[in-house]
Structures are given as C-alpha cells and as structure tokens.
Amino acid sequence: MTVRPFGDRAFLIELEQRIDPSIIDAARAVADAWERRGLGEAIPAYASVVVTFDPARTLWKDAAAAAEALASAPPGAASAVAGRLIEIPTVYDGPDLAETATRSGLSTTELVALHSDRDYRAFFLGFMPGLAYCGMLDPRIDAPRLASPRPRVPAGSVAIANGQTIVYPVDSPGGWRLIGRTDLKVFDPAQDPAALIRAGDRLRFVPR
Amino acid sequence: MIRITSCGLRATIQDRGRTGHAREGIPPSGPADPVAFAASLALAGCGDDDAAIEVIGLPFAFRCDDRRIVAVTGRDVRVRTRVPVAGWTSVLARPGEEVVVEGSALTRFAYVALSGGIALPRVLGSRATYLPASLGPLPRPLIAGDELALGASIAGVEVAGRRIVPPAYGGRARAVAGPHDARFPDGSVSTFFSATFTVSPESDRMGVRLVGVAVAPAVDELLTCGIVAGAVQVPHGGAPIVLLADHQTTGGYPIIATVIRADLGQVAQAAPGEELRFERVTPEDPRRSRVERT
C-alpha cells in the first residue's frame, strides 16, 4: 500500500489498481480502522481509501505517521463487517431494456433472468447521495454506458453499465442503461442513515 | 426572526458542513469560502457550529424583528442599514430596519450571519443545504417573504464595529501536488504550477472550471477514488476542475493537485474571466511556499 498526501488534511492510501471483491473489503477494513482511531472520516472506494483529519486537532506529521502505520499493517479483508441481504423489488420496463438485450443477442426475458438470478455486492457509495456501485454483472449482459447521458433519470431507476448495476437514489442526470425501476427508497434524508444500502451489503433484484 | 425582502440569485442556509456521511455518498456541503464564512460567524458572535446564509448574486436584503448583530463577509461586499458600512464588520440591525447586502462585479459568495444563528433543526447532523439532492432543513434557495427563526442572541451592542481584515482576494491559491501527480506525463505538474488559468463561467458550488491553459492529462485510466474539497481533477480534455463544497464524494479523474483549505475561498471567489494561478506548498506546512528545486 502507498500513502500520498491529499491536500493539507487528508491522505490517499492506495491498495491496488483493479476491481476485486477482496480488495474492496480490504479497503473498507482500512477505512473502518481509521475511523475507529477517531482522527476523522474515511472514504473507501474500489482499491483505495481517503483518510481525513483535522489539522486543528492533529499535527500533519502525526496523521501521516498514523496513515503509514495503518498501510504497513492493514487489518485485512476478513475484518470487514459482513453485509446484509437487501431485496430490491423491480419492475423490468426500463427504456433501455430492449436495446440492451438486442445488443447482447438476448431476449428481454433472458436479460431480466440474467440480471435477477444472482446476488450483487455493494462495493461502495459515491457519485451522489445513496448511490451504491454493485457488481459484478453476468458478462453476457454487460454493456457500456449510453453515448449521451440523459438530462434526468427518475429516482428508483434500476440501471446497468460497465459490469455493474445501480439504483438511482435521486432524480439526476445519468448515463447508465435503464432496465427497470423499484419503489424502494434507496435514499431518504428523513432516515439516518439516509442511504438504504451500505458497502458490503448483498443485493438481490426480485422481478415484479 | 428575520424576513427576507430580496433573495439575491441563490441564497442557501449553510453551516460548517455535513461531515461523517461521505460513505453514504453525501457531500460535505457547507460554505464555498470557509474563511469568509467562519469570519461572519465570529463577527456576529455566533458559535463555530451555527448556521448562516450564503448568497450568490447580490443584492440580498432582510429585516429582523428584534435587535441583532449582523456580519456580512465575502469578496468585495458591504452592508447598508441607515448608513453604508464596509463588509467584514459587526453591524447593529435595529428591529424592523432593512439591511441590504451589496457587492460588485467581483463578488461571488457573500455570507450573512446574525447573532443567535439561524435556528433550524439539523438534518443528518448539519443545517447545510445540498440542493442537488434536496438535502438540509431548508432544501431550497431562499425566496423573498421567507421568515427564519433565530437562536437566542448572546452578542450585545458593544461588539458592533468590530472588524476582521479580509483576505486579499484575487489570483492565487496555494496547493499541494497530488495525490495522482506521478500518473501525469512529464511536465504536467510544472505546467499546472506555472500556468495562468482563466476561470470559466461554468463554475458553481460543486467546482470551478479552469480554461486558457491545457494540462496534459494522465494516460492511464484511474479507478474511482474518494475526494476532498480542493481536489483539482484533470479530465481527458486537459481543462482542470477545482472541486468545492458540493463536490461528489468519489470521482474517477486523476487529481494533479489539491488546494489547501485556507485557500478554497480564493478559488471559489474567483470571478468568471479572472485569472488564477496555483502556488505549490508542502502539506506539512501549507502556509509556506515550497522552494522549487529544478
């Protein structure tokens, strides 16, 4: 692992440069360990963790030493907190369903079956509040993002692209392929946590 | 209570930010110019944790129903009650008196703090507004006619007239190289720290876009990673984006440098068309310039 300064109040700890569930768990375990130390919050992603601190409370050199110590003796993927299983009731009627099936040489029924017959791992949340990147897709239904993003995608849209699947948490612009929708609220500011899905959870899409 | 009589272009409630929720994908929000915001709270006799109003597009005006200490900060701002007063000064607002916040063509973000603070409940630990996800206790821009409750004022008239010297806004921001500096082609980092960029009009609370000089982008794809405010992303086109308070919590563009927190306001307050340069500093002593060895 390498530790690099990220401005004057954070460090970037890099594990590797590939997407792999065990690396994602290891990154989350590093983030949990940093937050247990109480220096500041940590943001895990696929293969890296941003760890933050408050220079008013902690000297830069002490935070740097703590980050180096964590990177040289990481807690390991096994210590990551186990996730829950979350079922996402899904109506498969998205505007990109037919085209995405056709480009994969499948019927829409086959695409729906391939999307809903496996459990996905929530890798991490980012891009917008409550958005969990989940994977991996069956390679037979993989497809790139749309050439031009939509200016508005409704909250609850179920989408796929680049080997992964997401549920749009709020109305927003978006370039993923919309294959269905759910009534489940994946982001609700009235709740705490506001995000339904946590990194490490398993997701199962249940056709309705 | 205050009653808004003129709402500016876009005014939102902000406090120092919503920390602790990045792992839910929730941006920190809070002020685009943290230094000016903190000064407005201090001048109004508020605590660090209190909420104030961030205004884009002056004038902004309001009346209080009781006596309050008001402080207006930002770039090139002033406040008018019965008489005009410079910004960055504690001002006494009498009951019913209209308080008008004014700026110039150089003003972008103005802060209006009132003694007692804006009394709204916290949502996810903060009163800050994040408009893209309608997040916060008042998740919309203020409009004329809005009435906001204020907390109990502990600041007395004796603080009126106090001043904080504003930072010298204009043209320069200190930044630490990286974290992805090593991924850029030779010369990109020195180009970034020697270039004079121009601020694009397509800039907002999420980020400031820089044009005029292209920075050769990193060739290899980067896996999405976490982000902090001040991160300078360089997309494929080579036009850098400095991320501000409403930044996404993760991003996939390589980050060539990161502006230190004390200078986020230097970036946020740069007006469209103005020039902006970056001064390289070391993270352990960000107030001192780094001596370039070449």
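Pro59(B) sits in the loop that runs between β3 (52-56) and β4 (60-64) of chain B. The bond that joins Leu58(B) to Pro59(B) is a cis peptide bond, with omega at about 5°. I should say at once that this is a predicted model, and that every value I quote is computed from it. A second cis peptide bond is found between Gly135(A) and Met136(A), where omega is about -5°. Met136(A) is likewise a loop residue, placed between β7 and β8 (150-153) of chain A.

Let me turn to confidence. The predictor assigns the complex an ipTM of 0.93 and a pTM of 0.93. For chain B the mean pLDDT is 94, and 97% of its residues reach 70 or more. As a general caution, coordinates predicted with low pLDDT should not be read in detail.

Two further backbone details deserve mention. Ser29(B), which is not a glycine, has a positive phi, near 55°. Ser29(B) belongs to the loop between β2 (10-14) and α1 of chain B. Is Ser29(B) buried or exposed? Ser29(B) counts as buried, because 32 C-beta neighbours lie inside 10 Å. In chain A, Asn162(A) also has a positive phi without being a glycine, here near 50°. The loop that holds Asn162(A) connects β9 and β10 (164-167) of chain A. Asn162(A) has 16 C-beta neighbours inside 10 Å and therefore counts as partly exposed.

I move now to the architecture of chain B. Its domain assignment gives domain 1 (2-159) and domain 2 (172-280). Between the C-alpha centres of these two domains of chain B the distance is 28 Å. How many residues bring domain 1 of chain B into contact with domain 2 of chain B? Domain 1 contributes 20 residues and domain 2 contributes 16. On the domain 1 side, helix α1 (residues 34-43) of chain B supplies the largest share, three residues. That same side of domain 1 consists of 13 nonpolar, four polar and three charged residues.

Next, the contact between the chains. Chain A provides 36 residues and chain B provides 30. On the chain B side, 15 residues are nonpolar, 11 are polar and four are charged. For a single residue, consider Phe127(A), in the loop between β6 (120-125) and β7 (132-135) of chain A. Phe127(A) counts as buried because it has 20 C-beta neighbours inside 10 Å. Beyond residues up to four places away in sequence, Phe127(A) touches Gly25(B), Gln248(B) and Thr250(B).

Then the interior. The largest nonpolar core comprises 153 residues. Those with the most contacts inside it are Val50(A), Val70(B), Val101(B), Ala110(B), Val112(B) and Ala113(B). Which residues does Val70(B) contact, leaving aside neighbours within four places in sequence? They are Ala44(B), Val79(B), Val91(B), Ala93(B), Val99(B), Val112(B) and Leu114(B). In soluble globular proteins, nonpolar side chains tend to be buried together.

I close with helix α4 (residues 108-116) of chain A, in which Leu111(A), Val112(A) and His115(A) are buried. Seen down the axis of α4(A), the buried residues fall within an arc of 100°, so they line one face of the helix. An α-helix has 3.6 residues a turn, so residues three or four places apart point the same way. The cover over the buried residues of α4(A) includes α3 (97-103), β9 (157-161), β12 (177-181) and β13 (202-207) of chain A.

Terms used
Residues numbered from 1 in each chain as written. Chains lettered and ligands numbered in written order. Predicted model: local features only at pLDDT ≥ 70, side-chain atom pairs only at ≥ 80, totals over all residues. Contact = placed C-beta atoms within 7 Å. Nonpolar A, V, L, I, M, F, W, Y, C, P; charged D, E, K, R; others polar. Domains from an automatic or database assignment. Helix = DSSP H or I, 4+ residues; strand = E, 2+ residues; numbered from the N terminus. Buried ≥ 20, exposed ≤ 12 C-beta atoms within 10 Å, placed from the backbone. Arc of directions from axis to C-beta. Core = buried A, V, L, I, M, F, W, Y, C linked by C-beta atoms within 7 Å. pLDDT = per-residue confidence, 0-100.
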